[in-house]
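Work through the exercises below with the sequence and the 3D view open. Try each task before reading its solution.

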Amino acid sequence: MSRARTVPRGGPFVALIDPNALIVAIARSGDREAFAELFDHFAPRVKGMLMRGGASAELAEEIAQETLLAVWRKAALFDASKASASTWIATIARNLRIDVARRETRSRLSQIYEILEEETPEQPDATLFDAERDERVRAAMTQLSPDQYRVVELAFLEGFSHRDVADRLAIPLGTVKSRLRLALAHLRGRLEDLR
């Protein structure tokens, strides 16, 4: 049974496939050929979608590969009556991208706490779990002024240099540093009991 065919369309050849049939073949028999066709068709599209959403090329490619591997593992869960194959695959990719963003945010929140912690001696009997600590840092950040929150967000959560933050906000570099200094002092005060 042929699931794909190639037809000329004004010069370049465009592959037409039936993604539903490919997913069913994968689910029923672990059809590697069907998976290869599905991968060749969707991996570049998923990567392009993620890059349009702001992901780097490297991250987009990594997530695209994870997406297609998830399709391989979850093919039996696909229900064409609920969503098209394209929608189902795009949803998997979007969810994986959200997971990556959450991990990155969690890591950056930990970095903020580590910066705050650098100026205090280590407490060997610290009992708070990382997740609880991150939640406290997140809550303390909501108490910052909007100007301070924005520079902390750009510098620590989004990873921009102080110069880039200044350029993005169209404010002097000294103002960025001043806002960061005030914000970190505020956070230290709010998180004093974590030390």
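Buried means under 20% relative accessible area, exposed means over 50%, and partly exposed lies in between (1.4 Å probe, protein chains only). By that rule, buried residues make up 34% of the 195 residues in the chain. The model is predicted: local features need pLDDT of at least 70, side-chain atom pairs count only at pLDDT 80 or more, and totals for chains, interfaces and linings use all residues. Residues are numbered from 1 along each chain as its sequence is written, and side-chain values use heavy atoms, with hydrogens and water left out.

**Exercise 1. The elements**

Task: state how many helices and strands the chain has, and give their order.

Solution. Start with the rule: helices (H or I, at least four residues) and strands (E, at least two) are DSSP runs, numbered from the N terminus. Next, count: the chain has eight helices and two strands. Finally, read from the N terminus: β-β-α-α-α-α-α-α-α-α.

**Exercise 2. A threonine in a helix**

Task: decide whether T67 is buried or exposed, and list what T67 touches.

Solution. Locate T67 in helix α3, residues 57–74. Its relative accessible area is 0%, so T67 is buried. Now take contacts, meaning heavy atoms within 4.5 Å. Leaving out residues up to four places away in sequence, T67 touches V46, I89, I92, A93 and L96. Then check the side chain's polar atom: the backbone oxygen of I63 lies 2.7 Å from it.

**Exercise 3. Two cores**

Task: find which helices supply at least two residues each to the largest nonpolar core.

Solution. A nonpolar core is a set of buried Ala, Val, Leu, Ile, Met, Phe, Trp, Tyr and Cys residues joined through side-chain atoms within 4.5 Å. The largest has 29 residues, and I23, L38, V71, W88 and I89 have the most contacts inside it. Helices α1 (19–29), α2 (32–52), α3 and α4 (85–118) each supply at least two residues of this core. Another core, of 22 residues, lies apart from it; L109, V152, A183 and L184 are among its members. Return to I23 for its own contacts: not counting residues up to four places away in sequence, I23 touches L38, V71, A75, F78, A85, W88 and I89.

**Exercise 4. A phenylalanine**

Task: which residues is F156 in contact with, leaving aside neighbours within four places in sequence?

Solution. F156 sits in helix α6, residues 146–157. F156 counts as buried because its relative accessibility is 15%. The contacts are R108, I112, I115, L180 and L184. As a distance check, the C-alpha atoms of F156 and S110 are separated by 10.0 Å, with their positions 46 residues apart along the chain.

**Exercise 5. Salt bridges**

Task: how many salt bridges are there, and where do D147 and R179 lie?

Solution. Side chains of opposite charge can pair when their charged atoms come close. The rule asks for a side-chain nitrogen of Lys or Arg within 4 Å of a carboxyl oxygen of Asp or Glu. The count comes to four. D147 and R179 form one at 3.7 Å, N to O. This pair links distant parts of the chain: D147 is in helix α6 and R179 in helix α8 (residues 173–190), 32 residues apart. D147 is partly exposed, at 42%.

Next, take E153 and R150, whose closest N and O atoms are 2.6 Å apart. They are three residues apart in helix α6, so about one helical turn separates them. R150 is partly exposed, at 29% relative accessibility.

Notes: A polar contact is a pair of N or O atoms within 3.5 Å; within protein, one must be able to donate a hydrogen and the other to accept it, and residues adjacent in sequence count only if both atoms are side-chain atoms.
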